[in-house]
Amino acid sequence: LCRGGLAERLCRLQNRERAAVSFWRHQCIADAKIPSDKSGVLIVKILEMFEECTIQVAMCQQLEQSPASLSSEDAVISAGEPMLKVLFARETAAHLKSRPQDVIHIYPPWQKLLLKNADVPVIMNTYFSQKVLLSEHSETREKTHGLTKMFIRKNIPSLAQAFRLDDVDDELHQESSDNQVACAPEVHNNCDSKQYPIAQSAVNDSLLEMVESQGAVGWREARVQVVIQRVYCLPAREGYRSHVQGNKPLCATPIINSDPPNVRLCLLVQDAYGMFSEVQLQFLSCADDIEEYCRRWEGKFCCLAGMKILQRTTRGRALGLFSLIDSLWPPVVPVKVPGQSQDSEMMTTNLPPPSFCYILTVQSGEIHVEVDEEEQISNLYQPPAVHGLKEILQMDGCNERRSFWAQVLYLRVQTKHSVPINQREICLFVTDSTLQNVVHITPKVVAVSVTASYVLSTEVTEALSVASRLVFFKDALWGNGRIICVERTVLLLQKPLLCSAAGADLSELTGPVRLDELDSTTQANSICAVRGTVVGVNESTAFSWPTCDRCGNGKLELCPQDRGLLYCNQCSAVVISPVLKMQLEVFLSCPSRSESMVKVKVWHEVSFGLFVLINMLLSPQSYEVQSVLGKEVGLLNCYVHSVTSHPNCVGLEEIVLL
Amino acid sequence: MDSTLPAVAEELLKEIKKAFQETSHIPDDLLLGLKFIFGPSAVSALDLVDHRSVTQVMSPSGRTAYQVLGSSGKLYTCYSSCHFCTCPAFGFAVLQKSESLLCKHILAVYLSQAMGACQKLSVSEEQLTSILLAEEEDEG
């Protein structure tokens, strides 16, 4: 035990307490009468008992005075007496052998604990407890009860809930009634002849009307005109069905894919009253065409007809959807107020943000969505506001949608092989001119994690595998110091034509990209630049392997025909001159983070000294490692695997930026 | 009747946290309260806290777990959202026999939280996953 530590203190207190308890018990037996000092004594009558984890819990009634002084007939439970929950330690309970209806005297020091949300106080540290026997019936009772075994119910507490040591504010903000952008009751009584159009060409402009008139006569033909604010993909949850598309498909031939569709094209639309709805359209096999849909459809008017209502969701249940809706609130042009004719004033100020949203979906076999691609962009459309990364990192707020345009420097995929490729977490390390051109304060590179893997289309991934690219991150989620790409985020290779730059300096990156140097603030899952001196080498990690000079494949095989040659499966050809790659784990002393041991797996830009060393280590003869110690290494670009404090070590792996 | 002990234990730990925040000291009666509720685990847990054996492991997504360096030198993992520990005493005394509410490692986690004595460690998502899945780790 630590000298002066809490454990030692408790040991001492515990020993003292134990001695006091046994002394006290001896005294009780010796005196054979109730000690006269009544101050601080709790007198309780046990009503019910059960056991929890060896502690006996007794539901008791607190008595004013000892019933020994009353006759048994007088000791009636009066309703007004306060209740207590008394806990007895296993040893005390065994000593007391109490039963319901027993009266117990609890002598100080005992402790009272008041629980939140509970009326009954809890009494603990009840070591100094003594059962009081009502003199008249004591003997008979002892005899009868001594023979029958008492079964005490055992309560097994649940392990499901962890304790919360902070005082959580239990008041959740609950809206008593949903705020509605459109005030509902009046809408139905609207005598406007447009409400239920007879002719197909009549178009409504209220989503709420369409939803609420579902099933009414002429509802099928009713069309609602809305503005497409956003186009994105969502994972397909149900099984796919084929749909007849109301719009011209993007490609000339019908899409016949052998891959099962796993994403669904969705629109976030807004009507003239400012109300939003998410419309789920056809299934796509992958998210690749999303860029074109965005370019052609966002901001345009669209007519919806005969939609099926999937659900009405609220803010509390669809945080992702509402964070996107919030980014589009308030509307940029005045919206209509229901119940008034079109010419009267329209409101845009002081409108509360929407608290509910209908999710609509297509019914198969019918024309539902007609996007007017030729028309101009609606005034109601709010293009994504683009900010520089530096500005975003300094913003307050939690779970807000932010759009930015950044250079992707490095892509890291989670390497766990048990997880299918399309569900692995991907991390993109990005930067822009606002981060690169500023000294200190903000990091030079930001990690963006992609949790919804389909958001990263194969098009973008392939483009990134060739070279570093500028990628437009539309509606990424910013909060808690992190940027994440979730559902409804869209990654595009081209900056959309319409986006408000919000005054950010989004100039191209001039000059080579710089990474932050490894220092005491570096955390795991980041990239940094490292320089230092070699102070040690992990000889067992020295490894070299041949790679194909055409495709870089590191898993070459021996040629079946001629075992002296190497064969590349990917190129399906013999590798005449393989490129030798080497790997070694070295320990560095880095002046920028001198307190840590820095361990780097180097493999690419191997300095000559290390190259020689690796060769030495791989050869059967043994050489001195000393010849490499002291060599300077750097500036290496590395990915930080782990940062531990006990031992103080940073694990890195050399990487190549895109 | 619903169980009582968890609420009592939680309140006691909250009082310890409050007392520590206000006075940087834990009064004797709260220590004895720990002993009363948790039995012999109390001293062992406090010993672990004295030795700063509890590490809070966090990943970029915000997931956490706790690792406690036991007296035998073994590292046990405790979950943050429910009561679970990989030590044998937990499996026996808590799960099987329901004799204890917590094992000394979980109690040490709470006490370290209350006193701000947790070591902190950031790891990548992969590493946290492997900790939670109790896989063998390649690197130390």
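A residue counts as buried when its relative accessible area is under 20%. With that cut-off in hand, welcome to a quick tour of this predicted model. Two spots in chain A get a closer look here: the residue A:L281 in strand β12, and helix α10, which spans residues 458-466.

**Chain A overall**
- Chain A has 658 residues, and 46% of them are buried.
- Its secondary structure consists of 11 helices and 30 strands.
- Of the contacts between residues at least 6 apart in sequence, 70% link residues at least 24 apart.
- The accessible surface amounts to about 34,500 Å², with carbon and sulfur atoms accounting for 52% of that area.

**A:L281 in strand β12**
- A:L281 sits in β12, the strand covering residues 276-284 of chain A.
- Its relative accessible area is 2%, which is under the 20% cut-off, so A:L281 is buried.
- Setting aside neighbours within four places in sequence, A:L281 has contacts that include A:R264, A:L265, A:C266 and A:L267, as well as A:W297, A:V362 and A:V369.
- A:C233 is 48 residues away from A:L281 along the chain, and the C-alpha atoms of the two are 9.5 Å apart.

**Helix α10**
- The buried residues of α10 in chain A are A:V460, A:A463 and A:L464.
- Viewed down the helix axis, these buried residues fall within an arc of 100°, so they line one face of α10.
- An α-helix has 3.6 residues a turn, so residues three or four places apart point the same way.
- On the face turned away from the buried side of α10 are the exposed residues A:E462, A:S465 and A:V466.
- The packing partners of the buried residues in α10 are the strands β17 (400-413), β18 (426-431), β20 (470-479) and β22 (490-492) of chain A.

Key. Residues are numbered from 1 along each chain as its sequence is written. Chains are lettered from A and ligands numbered from 1 in the order in which they are written. This is a predicted model: local features need pLDDT of at least 70, side-chain atom pairs count only at pLDDT 80 or more; totals for chains, interfaces and linings use all residues. Side-chain values use heavy atoms; hydrogens and water are left out. Buried means under 20% relative accessible area, exposed over 50%, partly exposed in between (1.4 Å probe, protein chains only). Helices (H or I, at least four residues) and strands (E, at least two) are DSSP runs, numbered from the N terminus. The arc is that of the directions from the helix axis to the C-beta atoms. Contact means heavy atoms within 4.5 Å. Accessible areas come from the Shrake-Rupley method with a 1.4 Å probe; for residues, only the protein chains shown count as cover.
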